[in-house]
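Thanks for coming, everyone. I'll keep this short. Please have a look at the structure on the screen.

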Amino acid sequence: MESLGVAAKWRRPGVRCGAGTGREDGRSGVRRRGVGRHAARFSAPAALKEGQITPTELCQRCLALVRSTQFLNAYITVAEETALKQAEESEKRYQRGQPLGELDGIPIAVKDNFNTAGIETTCASNMLKGYISPYNATVVQKLLDQGAVLLGKTNLDEFAMGSGSTDGVFGPVRNPWSYSRQYKEKSIPRSDSEPENSNWVIAGGSSGGSAAAVSAFTCFAALGSDTGGSTRNPAAHCGVVGLKPTYGLISRHGLIPLVNSMDVPGILTRCVDDAAVVLGSLAGHDPKDSTTVQDIFQPFALPTLTDVSKLSIGIPKEYHVPGLSSEILAVWSKAADLFKNAGAKVVEVSLPHTHYSIVCYHVLCTAEVASNMARFDGLEYGHRSDMSKSTESMYAATRREGFSDVVRGRILSGNYFLLKQNYEDYFVKAQKVRRLIANDFVKVFGSGIDILLTPITLSDAIPYVEFIKEDNRTRSTQDDILTQAANMAGLPAVNVPTALSERGLPIGLQFIGRSFQEKQLLTVAKWFEKQVQFPMIQLEEVKKHDDGVLQHQKSASFS
């Protein structure tokens with residue numbers, strides 16, 4: 001793995017994707033770059049192999065950053081003891097000259113809706129507080145088998161139902177860019193009547209903890225989940241790469257389900273090359289998940305694309321939706337011009353059923369949520385109410401106490417759509433519309449289009465105090481509108497950080513590819529990443545904020 005890098009000065013992190021030595025070749029990928037100055041960096045795997053740093057030292061430095069950025073509330077559980085033990089084992093392998101792979105000794109984090117043996121899995125819900133899984137999710141086990149070091153479990157919206165990472169029981173995640181020099185220099189001075197730190201912005205959701213953890217340099221890669229955009233949305237807001245692979249390419253076994261037919265484990269990294277490496281470690285058939293592809297997956301190294309003249313880039317006109325900010329529109333337009341000026345064919349295309357996709361998505365989403373949440377009944381695992389009048393009363397009280405209003409609301413909506421008298425009018429119709437939406441993509445890609453280029457978010461990240469003025473359902477409807485169609489069609493999509501807004505916050509764009517064509521998708525994304533040269537976040541004054549946001553944070557270890 002050439003590009004999993006780390007800033008040389010840990011107290012002043014300044015590298016978005018440690019891309020090696022600054023060479024412009026197929027090995028280093030992205031040249032040195034900085035904001036106002038070049039930042040020293042090195043390839044972590046290469047440094048580990050050459051003995052420049054040990055896995056234990058790397059782990060300790062990441063844990064130190066986890067502690068110094070606690071105010072972000074990115075982690076629910078920090079598995080410090082476990083991580084150090086794993087790092088020590090990795091160190092022994094390096095001493096023997098027998099590392100397990102490119103991820104050996106590399107610190108990673110995992111969203112807290114993936115099962116982890118011996119480490120609490122909460123889904124940021126009272127329903128699962130104290131639940132410790134007896135097994136690892138397949139993707140977690142694959143990372144551990146590669147020697148990766150698991151730092152901990154990251155924060156999210158409860159059961160991944162949200163678009164801001166603000167609705168979990170452990171409190172909201174703060175976007176690291178809220179504390180960047182870029183944002184602070186352009187922020188409007190706070191009035192005396194406003195509380196201190198009131199202008200921090202959301203991290204996006206529902207994988208906001210994972211995105212913030214990568215953005216703040218506390219880990220080199222993180223797992224999220226993506227049902228309607230939950231990896232790409234926070235990646236766009238936090239200025240990192242967020243990949244949603246093709247449905248069925250990566251196992252869902254051990255991912256606590258939200259919507260079985262759309263859930264996909266997502267990958268968050270600081271550059272496209274890193275996403276490709278992690279994908280290579282995770283993809284492939286899993287006997288425990290019948291929806292995974294049967295074909296053998298061959299990991300790939302991304303080539304350095306120099307000629308885009310044979311590419312055909314589609315610009316879906318339906319993605320110019322009401323509410324899209326002028327800034328996002330301008331960045332989208334400039335990106336299209338960048339491809340056109342480089343010789344690519346840029347074509348306006350139509351996905352006519354996009355207008356119906358968000359309504360269709362929410363009908364199908366809530367219907368599957370109602371089904372999946374039925375397992376949390378207080379009988380087998382998780383929270384159980386003290387109500388002992390009857391089994392039915394205990395069951396009802398358990399769900400009332402364990403689920404938030406957001407989760408209960410989605411369960412009620414889903415059960416309404418699944419009622420016998422409503423089933424044909426809502427659920428069956430939504431399934432038919434989903435097929436039309438998927439066929440739109442098939443027709444566009446069949447016309448010769450290679451990649452679709454679209455926005456991901458309607459605007460840059462907004463302040464938390466503004467975000468919570470609207471309810472979860474309204475926010476999710478707005479924030480999922482540009483991302484959920486790729487989930488309904490099962491297509492791969494990736495966020496690439498593109499520019500900074502006028503407020504000094506990240507803006508990302510989405511590339512959507514053909515099914516199981518991740519190599520082509522990521523190769524184009526890598527070319528684009530190199531062209532735009534997205535600036536590094538400048539977190540020059542990382543300090544502990546004593547505001548109590550981490551009162552629930554725990555330490556953990558494998559049993």
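I'll go from the overall chain to the annotated sites, then the cavities, and finish with one strand residue and one helix.

First, a caution: this is a predicted model. The chain has 559 residues, and 61% of them are buried. Its secondary structure comes to 17 helices and 14 strands. Now the contacts. Take the pairs at least 6 apart in sequence: 79% of those contacts join residues at least 24 apart.

Next, the annotation. Which residues does UniProt mark as "active site"? The record, an unreviewed entry, gives Lys-111, Ser-206 and Ser-230. These three span 120 residues in sequence, yet no two of their C-alpha atoms are more than 11.1 Å apart, so they gather at one spot. Of the three, Ser-230 is included in the lining of the largest cavity. Hold that thought.

Let's take Lys-111. Lys-111 sits in strand E4, residues 107-111. Is Lys-111 buried or exposed? Its relative accessibility is 0%, so Lys-111 counts as buried. Leaving out residues up to four places away in sequence, Lys-111 touches both Ser-206 and Ser-230. Its other contacts include Lys-153, Thr-154, Leu-156 and Ala-160.

Now Ser-206. Here we are in a loop, between helix H5 (181-186) and helix H6 (208-215). Ser-206 also has a relative accessible area of 0%, and therefore is buried. With the same sequence neighbours left out, Ser-206 touches Lys-111 and Ser-230. Among its other partners are Asn-155, Asp-157, Ala-160, Gly-162 and Ser-165.

On to the cavities. How many cavities of 30 Å³ or more does a search of the whole structure find? There are 6. The largest holds about 90 Å³ of space. It is lined by 14 residues, and the closest to its centre are Ala-160, Gly-162, Tyr-361, Arg-410 and Asp-480. Two of those names should ring a bell: Ala-160 and Gly-162 are contacts of Ser-206. By class, the lining has 5 nonpolar, 7 polar and 2 charged residues. Which helix gives the most to that lining? Helix H10, residues 357-372, with 3 residues.

Now to another part of the chain. Ile-507 is in strand E13, residues 506-512. At 2% relative accessibility, Ile-507 counts as buried, because the cut-off is under 20%. The C-alpha atom of Ile-507 lies 6.1 Å from that of Pro-497, and the two residues are 10 apart along the chain. Pro-497 is also one of the residues that Ile-507 touches, not counting those up to four places away in sequence. Others include Ala-236, Glu-327, Ile-328, Val-331 and Asp-460.

Last, helix H17, residues 518-532. What span should its 15 residues have at 1.5 Å a residue? The expected figure is 21 Å, and the end C-alpha atoms are 21 Å apart, so the two agree. Many positions here are buried, among them Leu-521, Leu-522, Val-524, Trp-527 and Phe-528. The charged residues Glu-518, Lys-526 and Glu-529 are on the buried list too.

What do those buried residues pack against? Strands E7 (241-244), E11 (451-455) and E12 (493-500), helices H8 (272-282) and H9 (326-341), and E13. E13 is the strand that holds Ile-507. After H17 comes Gln-533, with a positive phi near 50°.

That's the tour. Questions, please.

Definitions and conventions
Residues numbered from 1 in each chain as written. Predicted model: local features only at pLDDT ≥ 70, side-chain atom pairs only at ≥ 80, totals over all residues. Heavy atoms only, no water. 1 Å grid on protein atoms, 1.4 Å probe; cavity = no way out; pocket = protein on both sides within 12 Å on 5 of 7 lines; lining within 4 Å. Points joined across faces, edges and corners; volume = space filled by probe spheres on them. Helix = DSSP H or I, 4+ residues; strand = E, 2+ residues; numbered from the N terminus. Buried < 20%, exposed > 50% of the residue type's maximum accessible area, 1.4 Å probe, protein only. Contact = heavy atoms within 4.5 Å. Expected span 1.5 Å × (residues − 1). UniProt positions renumbered as here; feature names shortened; annotations may be inferred.
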